[in-house]
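Got the viewer open? Let's walk through this one a selection at a time.

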Amino acid sequence: YVFKQNSSTDSSLSYFNHWDLSATLQSMTGVNSYFGVSVDIFGEHIIVGASGYLPDIFADGGRESVDSSGEAYIYKLYQITTVNTITINDTISTTYSIHDEWRLNSTLVSLAGTDGHFGYSV
């Protein structure tokens, strides 16, 4: 989960200084990937380690085999501006809203083969 701190200049409000859920980042490889075993945040980037990657291969007669080569995912923050224009009785009204969106930017994979646990520490 990614939270964003929101503050108001009016300290009398009950939400003067609070945290809101900004995004939910999810594993791209499955539930047993150890997604989130390590996390680092730097400015507008988040890197998430997944040291127990589950590949999409079926090496043992139909059951997925566990590959501990690992991966790391880099997410980047984008600020999305939405513009809404409404015309009522020949009057044009335009509103703007800005929201944050975290998008997967890169996936880093281990070149060392299996059991490297790449992504264990990022």
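Which residues does S38 touch, not counting residues up to four places away in sequence? Keep in mind that this is a predicted model, then select S38 and show its surroundings. With that sequence cut-off, you should find I47, V48 and G49, along with G119, Y120, S121 and V122. S38 itself is in strand β3. It counts as buried because its relative accessibility is 11%, and buried means under 20%. Now zoom in on the S38 side chain: it reaches the backbone oxygen of G119 at 2.8 Å.

Next stop, a loop. Select S27, which lies between β2 (17-23) and β3 (35-42). Is S27 buried or partly exposed? It is partly exposed, because its relative accessible area is 25%, and that falls in between the 20% limit for buried and the 50% limit for exposed. Leaving out residues up to four places away in sequence, S27 touches S33 and F35. If you like, draw a distance from S27 to G49: their C-alpha atoms are separated by 9.8 Å, with the two positions 22 residues apart along the chain.

Now head for the surface. Select Y1, F3, W19 and L21 together and switch on the surface display. These residues form a nonpolar patch with about 560 Å² of accessible area together. Pick out F3, in strand β1 (residues 2-7), and then L21, in strand β2. How far apart are F3 and L21 in space, C-alpha to C-alpha? The distance is 4.5 Å, although they are 18 residues apart in sequence. Around F3, look for contacts with W19, D20, L21 and S22, again not counting residues up to four places away in sequence. F3 is partly exposed, because its relative accessibility of 48% sits between the 20% and 50% limits.

Time to go inside. In soluble globular proteins, nonpolar side chains tend to be buried together. To see the largest nonpolar core here, select V2, A23, L25, I46, V48, A50, Y73, Y75, L77 and W102, ten residues in all. Colour by strand and you can see that β4 (45-50) and β5 (71-88) each supply at least two residues of this core. You have already met V48, as one of the residues that S38 touches.

Last selection: A23, a member of that core. Setting aside neighbours within four places in sequence, A23 is in contact with Y1, V2 and W102. Y1 also belongs to the surface patch you just looked at, while V2 and W102 are in the core.

Definitions and conventions:
Residues numbered from 1 in each chain as written. Predicted model: local features only at pLDDT ≥ 70, side-chain atom pairs only at ≥ 80, totals over all residues. Heavy atoms only, no water. Helix = DSSP H or I, 4+ residues; strand = E, 2+ residues; numbered from the N terminus. Buried < 20%, exposed > 50% of the residue type's maximum accessible area, 1.4 Å probe, protein only. Contact = heavy atoms within 4.5 Å. Patch = residues over 30% accessible without salt bridge, like charges linked within 9 Å, V, L, I, M, F, W, Y side chains within 5 Å. Areas by Shrake-Rupley, 256 points an atom, 1.4 Å probe, with all protein chains shown as cover. Salt bridge = Lys/Arg side-chain N within 4 Å of Asp/Glu carboxyl O. Polar contact = N/O pair within 3.5 Å; in protein donor to acceptor, adjacent residues only side chain to side chain. Core = buried A, V, L, I, M, F, W, Y, C linked by side-chain atoms within 4.5 Å.
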